[in-house]
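This report describes a single protein chain on the basis of its atomic coordinates. The reader is invited to consult the sequence and the structure alongside the text.

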Amino acid sequence: VDAPLNDNGRRQAAAVAELLEGVPLDAAYSSSLKRAIETRDIITAGLRCPRLQLSALDEVDFGPRLDGSGGDGRGDAGGSRVRSYEAEIARTYAKWVAGKLTSRVGGGGGGGDGEERGAGAGAGA
């Protein structure tokens, strides 16, 4: 879900910006997600550095929500499909921890995708 940054995230980013005040950066990278871009921009507002976004840093894609709600659960009376979906994510995560990184949730990404994205992002930087 490509949601915007919430107020708590903005406060946290502002706190990081204070910590980095005056620290020279060669560049600031983010994924292409709205909240990541906003976080990066808040943190680097007072810094002189290129701001770059790399889709290779995007989060794991867990596939489409099963409830049609966009992630808030309101499209599923009683939330049974949401609970089922969350249980599937938990089972898949447990498989990733056990080293079975090709396991996927629905049509989403696998556990090894992050490693590939990170390597690709480093090569593209």
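The sections below treat the model and its confidence, the overall fold, helix 2, the salt bridges and a surface patch.

## Model and confidence

The structure is a predicted model. Its mean pLDDT is 76, and 63% of the residues reach 70 or more. Over residues 71–76, the pLDDT is below 50. In the model, this stretch nevertheless has ten contacts beyond near neighbours in sequence.

## Overall architecture

The protein contains four helices and two strands. Along the sequence, these elements follow the pattern α-β-α-β-α-α. Helix 1 spans residues 7–20, and strand 1 covers 28–30. Helix 2 comprises residues 34–43, while strand 2 (51–53) and helix 3 (80–97) are joined by a loop that includes Leu57.

Of the 125 residues, 26% count as buried. The protein exposes about 8000 Å², and carbon and sulfur atoms supply 54% of that area. Among contacts with a separation of 6 or more, residues 24 or more positions apart account for 48%.

## The buried side of helix 2

Helix 2 has the buried residues Ile37, Arg40 and Ile43. These residues lie on the same side of helix 2, because they cover an arc of only 135 degrees around its axis. The buried residues of helix 2 pack against helix 1, strand 1 and strand 2.

Arg40 is a charged member of this set, and its surroundings can be described in detail. Its place is in helix 2, and its relative accessibility is 9%; it therefore falls under the 20% limit for a buried residue. Leaving aside neighbours within four places in sequence, Arg40 is in contact with Ala28, Tyr29 and Ser30, as well as with Arg51, Leu52 and Gln53. The numbering places the former three residues in strand 1 (28–30), and the latter three in strand 2 (51–53).

## Salt bridges around Asp41

Four salt bridges are found in a search of the whole structure. In one of them, the side chains of Asp41 and Arg40 meet at 2.9 Å, N to O. The two partners differ in their accessibility class: Arg40 is buried, with a relative accessible area of 9%, whereas Asp41 is partly exposed, with 25%.

Asp41 also meets the side chain of Arg51 in a salt bridge, with an N to O distance of 3.7 Å. This pair links distant parts of the chain, since Arg51 belongs to strand 2 and Asp41 to helix 2, ten residues apart. Arg51 counts as partly exposed, at 38% relative accessibility.

## Arg10 and the link between helices 1 and 2

Which side chain forms a salt bridge with that of Arg10 at 2.7 Å, N to O? The partner is Glu38. Arg10 lies in helix 1 and Glu38 in helix 2, so the salt bridge ties together parts that are 28 residues apart in sequence. Both partners are partly exposed: Arg10 has a relative accessibility of 31%, and Glu38 has a relative accessible area of 24%. Asp7 joins Arg10 and Glu38 in a network of salt bridges.

The surroundings of Arg10 include a further residue of helix 2. Beyond its neighbours within four places in sequence, Arg10 is in contact with Leu5, Glu38 and Ile42. Arg10 and Ile42 are 32 residues apart in sequence, yet their C-alpha atoms are 7.5 Å apart in space.

## A nonpolar surface patch

Tyr29, Leu52 and Leu57 form a nonpolar patch on the surface. Together, these three residues have about 240 Å² of accessible area. Leu57 is found in the loop between strand 2 and helix 3, and it is partly exposed, with a relative accessible area of 35%. Its value therefore passes the threshold of over 30% that applies to members of a patch.

Two members of the patch have already appeared in the account of helix 2. Tyr29 and Leu52 are among the residues in contact with Arg40, which is itself buried.

Conventions
Residues are numbered from 1 along each chain as its sequence is written. This is a predicted model: local features need pLDDT of at least 70, side-chain atom pairs count only at pLDDT 80 or more; totals for chains, interfaces and linings use all residues. Side-chain values use heavy atoms; hydrogens and water are left out. Patches are made of residues with over 30% relative accessible area and no salt bridge: like charges are joined within 9 Å, nonpolar side chains (Val, Leu, Ile, Met, Phe, Trp, Tyr) within 5 Å. Accessible areas come from the Shrake-Rupley method with a 1.4 Å probe; for residues, only the protein chains shown count as cover. Buried means under 20% relative accessible area, exposed over 50%, partly exposed in between (1.4 Å probe, protein chains only). Contact means heavy atoms within 4.5 Å. pLDDT is the predictor's confidence in each residue, from 0 to 100. The arc is that of the directions from the helix axis to the C-beta atoms.
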